[in-house]
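Me: I'm new to this one and would like a close look at a single part. Could you pick a loop, go through it slowly, and then show me how the rest fits around it?

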Amino acid sequence: MKKYCVDLTVKSIERLSDKHVLIKLTDEKPLPDMVPGQFVEIKVDGSSSTFLRRPISINFFSREQNEMWLLVATVGDGTMALAKLNTGDKLSCLFPLGNGFSMQPKNGGKKVLLVGGGVGVAPLLYMGSELKKQGLQPTFLLGARSKNDLLELDLFEEIGDVCVTTEDGSLGEKGFVTNHSILNNVVFDLISCCGPKPMMMAVARYAKKADIECEVSLENMMACGLGACLCCVEKTVEGNVCVCKEGPVFNINKLTWQI
């Protein structure tokens, strides 16, 4: 897939919580097609300590509105600078990068479970929307520390069924995503997951035991996004690979987590 380096325009920026902002980007020209699970490398201006681009998952893409959404967690100088952008500002974006999620279960089934934790929910919104367009049945299983950390719930609910877990029990079922009762009550054909590595490993173990096809989106440090800097190398059953180029989405059978 062809890659572009474009100065996109900030159409709007919305603070979703104390730690998260939603940036909607557009351009005078039609934006290129994107696959759920791909990401963008952002050049950050206005931060003296930020020299490398920052990888951000594509949260949503609308061909009709000519918009790309980025859900940003403000965890360092670079992302804090992004949160200070204003409508009309320009943002240098290298995209679309990486390989995305599978959009069809290999067994021909229709039930897809999308599991996200924290800001890892970001790529699942676009994926769920595309699955629904294809006539599949997306179910979201979203986990967070508390209800205040859950993001875009209203948008997920417009697409499919939403199940929630919180560690403090403030919303949904108390515990981690792998504790949710839906895993005991529904048989899924495909599980796609993004979030903290311990959570993804737990989901992978569940999927392996239940003999369900499963893929995860890794969040290794990705400085260049093109496989040149070797910052994001991951060990797989086929040898070491660059997550930014060969991933970030991998079938769990390709990873060494289960060995």
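**A loop and its surroundings**

Reply: Let's start with Leu230, which sits in the loop between β12 (213-217) and β13 (233-236). Keep in mind that this is a predicted model. What is the phi of Leu230? It's positive, about 65 degrees, although Leu230 is not a glycine. Is Leu230 buried or exposed? Its relative accessible area is 55%, and exposed means over 50%, so Leu230 counts as exposed.

Now set Asn66 beside it. Asn66 is likewise a residue other than glycine with a positive phi, near 55 degrees. Asn66 belongs to the loop between β4 (54-62) and β5 (67-73). Its relative accessible area is 13%, and buried means under 20%, so Asn66 is buried. You've now got two loop residues with positive phi: Leu230 is exposed, whereas Asn66 is buried.

Let's go back to β12, the strand on one side of our loop. Cys214 and Val216 fall within the 213-217 range of that strand, and both are touched by Ile252. Ile252 lies in the segment after β15, and at 3% relative accessibility it counts as buried. Besides Cys214 and Val216, Ile252 touches Ala204, Ala207, Lys208 and Glu215, leaving aside residues up to four places away in sequence. Asn240 is 12 residues from Ile252 along the chain, and their C-alpha atoms are separated by 15 Å.

Just before β15 comes another backbone detail. Gly247 and Pro248 are joined by a cis peptide bond, with omega about 10 degrees. Pro248 is in the loop between α6 (243-246) and β15 (249-251). A second cis bond links Phe95 to Pro96, this one with omega about -15 degrees. Pro96 isn't in a loop: its place is in strand β6 (residues 90-97).

Next, the cores. In soluble globular proteins, nonpolar side chains tend to be buried together. Here, the largest nonpolar core holds 50 residues, and Leu25 and Met68 touch the most other members. Helix α2 (residues 122-133) gives the largest share of this core, with 6 residues. A separate core of 32 residues lies apart from it, and includes Ala207 and Cys214, along with Phe39 and Phe250. You've already met Ala207 and Cys214 as contacts of Ile252.

What does Met68 touch? Among its contacts beyond four places in sequence are Leu8, Ile23, Leu25, Leu31, Met34, Val40, Ile58 and Phe60. Phe95, the partner of Pro96 in the cis bond, is on that contact list too, and so is Lys24.

How covered is α2? Mostly: 10 of its 12 residues are buried. Those buried residues include Ala122, Pro123, Leu124, Leu125, Tyr126 and Met127. Gly128, Ser129, Glu130 and Leu131 are buried as well. After α2 comes Gly135, with a positive phi near 85 degrees.

For one more loop, try Lys147, found between β8 (137-144) and α3 (153-159). At a relative accessible area of 47%, Lys147 is partly exposed. Lys147 touches Thr166, Ser170 and Leu171, not counting residues up to four places away in sequence. Gly172 is 25 residues from Lys147 in sequence, with a C-alpha to C-alpha distance of 8.5 Å.

Finally, let's step back to the chain as a whole. How many helices and strands does it have? There are 6 helices and 15 strands. The radius of gyration is 18 Å, close to the 18 Å that the globule rule gives for 259 residues, so the chain is as compact as a globular protein of that length. Along the principal axes, the C-alpha atoms fill a box of roughly 50 × 40 × 35 Å.

Buried residues make up 54% of the 259. Taking contacts between residues at least 6 apart in sequence, 62% join residues at least 24 apart. On the outside, the chain exposes about 12400 Å², with carbon and sulfur atoms supplying 49% of that area. As for charge, there are 28 positive and 30 negative charges, and their mean positions are 4 Å apart.

How values were computed. Residues are numbered from 1 along each chain as its sequence is written. This is a predicted model: local features need pLDDT of at least 70, side-chain atom pairs count only at pLDDT 80 or more; totals for chains, interfaces and linings use all residues. Side-chain values use heavy atoms; hydrogens and water are left out. Helices (H or I, at least four residues) and strands (E, at least two) are DSSP runs, numbered from the N terminus. Buried means under 20% relative accessible area, exposed over 50%, partly exposed in between (1.4 Å probe, protein chains only). Contact means heavy atoms within 4.5 Å. The radius of gyration is taken over C-alpha atoms; the globule rule is 2.2 Å times the number of residues to the power 0.38. Accessible areas come from the Shrake-Rupley method with a 1.4 Å probe; for residues, only the protein chains shown count as cover. Lys and Arg count as positive and Asp and Glu as negative; His and the chain ends are not counted. The place of a charge is taken as NZ of Lys, CZ of Arg, CG of Asp or CD of Glu. A nonpolar core is a set of buried Ala, Val, Leu, Ile, Met, Phe, Trp, Tyr and Cys residues joined through side-chain atoms within 4.5 Å.
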